[in-house]
Amino acid sequence: YCIGGLASAIEPLGTLRRLIGLCRLGAFAAGLNPRETKAERWILLLRTADALAAGADQRAIASALLSTTVARPAWREREPSVRSRVQRLVRSARSMSAGGYLGLLDPARAAPAS
């Protein structure tokens, strides 16, 4: 790394600490590798994209991933929060499938949040 000052040193030093920890321990050190806060959502997006590719509708996706109560009649009216959540998941999964995933690697390419 070329470090051009204290402000630019933070990320490279963290990366080097993780590499040194991996070499010493032979495994990733939990304290040096914070949990990705968006991982659970990304998993739901991947599962939603798979379900859409398999031809599932929003009710099937909601039932499999979010709530078993959507099997009842009029689930959209009875479970508006689940309906809204599955709609957002479907919209985001379609966006990711259309190239939005590139924003995960390069935040400058990220599409506006929906």
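The following exchange discusses the fold, core and surface of a predicted model.

Me: What are the counts of helices and strands in the protein?
Reply: In this predicted model, the protein has 6 helices and 0 strands. The order of elements from the N terminus on is α-α-α-α-α-α.

Me: How does the radius of gyration stand against that of a compact globule of 114 residues?
Reply: The protein has a radius of gyration of 20 Å, whereas a compact globule of 114 residues would be near 13 Å. Along the principal axes, the C-alpha atoms fill a box of roughly 60 × 30 × 25 Å.

Me: What percentage of the residues count as buried?
Reply: Of the 114 residues, 19% count as buried. The protein exposes about 8,400 Å², and carbon and sulfur atoms supply 58% of that area.

Me: And of the contacts between residues at least 6 apart in sequence, what share joins residues at least 24 apart?
Reply: That share is 34% in the protein.

Me: Turning to the interior, which residues make up the largest nonpolar core?
Reply: The largest nonpolar core has 8 residues in all: Ala51, Ile61, Ala62, Val70, Trp75, Val82, Val86 and Val90. H3 and H5 each supply at least two residues of this core. H5 gives the most, with 3 residues.

Me: Which residues of H5 are buried, then?
Reply: In helix H5, which covers residues 80-100, the buried residues are Val82, Val86, Leu89, Val90, Ser92 and Ala93.

Me: What do the buried residues of H5 pack against?
Reply: They pack against helix H2 (39-53), helix H3 (58-65) and helix H4 (75-78).

Me: Is there a general reason for the spacing of residues that point the same way on a helix, and what is it?
Reply: An α-helix has 3.6 residues a turn, so residues three or four places apart point the same way.

Me: Back to H2. Is Thr48 buried or exposed?
Reply: Thr48, found in helix H2, counts as buried because its relative accessibility is 0%, and the cut-off for buried is under 20%. Leaving aside residues up to four places away in sequence, Thr48 touches Ile61, Leu65, Leu89, Val90 and Ala93.

Me: What does Ala51 touch?
Reply: Not counting residues up to four places away in sequence, Ala51 touches Ala56 and Ile61.

Me: Where does Val70 sit?
Reply: Val70 is placed in the loop between H3 and H4. Val70 is also buried, with a relative accessible area of 0%.

Me: Which residues does Val70 touch?
Reply: With residues up to four places away in sequence left out, Val70 touches Arg59, Ala62, Ser63, Trp75 and Val82. Val70 and Arg59 are 11 residues apart in sequence, and their C-alpha atoms are 6.7 Å apart in space.

Me: On to the surface: which residues make the nonpolar patch of about 320 Å²?
Reply: That surface patch is made by Leu13, Leu16, Leu19 and Ile20. Leu13 lies in helix H1, residues 6-25.

Me: Why does Leu13 count as partly exposed?
Reply: Leu13 is partly exposed because its relative accessible area is 37%, which lies between the cut-offs of 20% and 50%.

Me: What about Arg18: which residues does it touch?
Reply: Arg18 is found in helix H1 and touches Leu32 and Asn33, not counting residues up to four places away in sequence. The C-alpha atoms of Arg18 and Leu32 are separated by 5.8 Å, with their positions 14 residues apart along the chain. At 31% relative accessibility, Arg18 counts as partly exposed.

Note on methods. Residues are numbered from 1 along each chain as its sequence is written. This is a predicted model: local features need pLDDT of at least 70, side-chain atom pairs count only at pLDDT 80 or more; totals for chains, interfaces and linings use all residues. Side-chain values use heavy atoms; hydrogens and water are left out. Buried means under 20% relative accessible area, exposed over 50%, partly exposed in between (1.4 Å probe, protein chains only). Helices (H or I, at least four residues) and strands (E, at least two) are DSSP runs, numbered from the N terminus. Contact means heavy atoms within 4.5 Å. Patches are made of residues with over 30% relative accessible area and no salt bridge: like charges are joined within 9 Å, nonpolar side chains (Val, Leu, Ile, Met, Phe, Trp, Tyr) within 5 Å. Accessible areas come from the Shrake-Rupley method with a 1.4 Å probe; for residues, only the protein chains shown count as cover. A salt bridge is a side-chain nitrogen of Lys or Arg within 4 Å of a carboxyl oxygen of Asp or Glu. The radius of gyration is taken over C-alpha atoms; the globule rule is 2.2 Å times the number of residues to the power 0.38. A nonpolar core is a set of buried Ala, Val, Leu, Ile, Met, Phe, Trp, Tyr and Cys residues joined through side-chain atoms within 4.5 Å.
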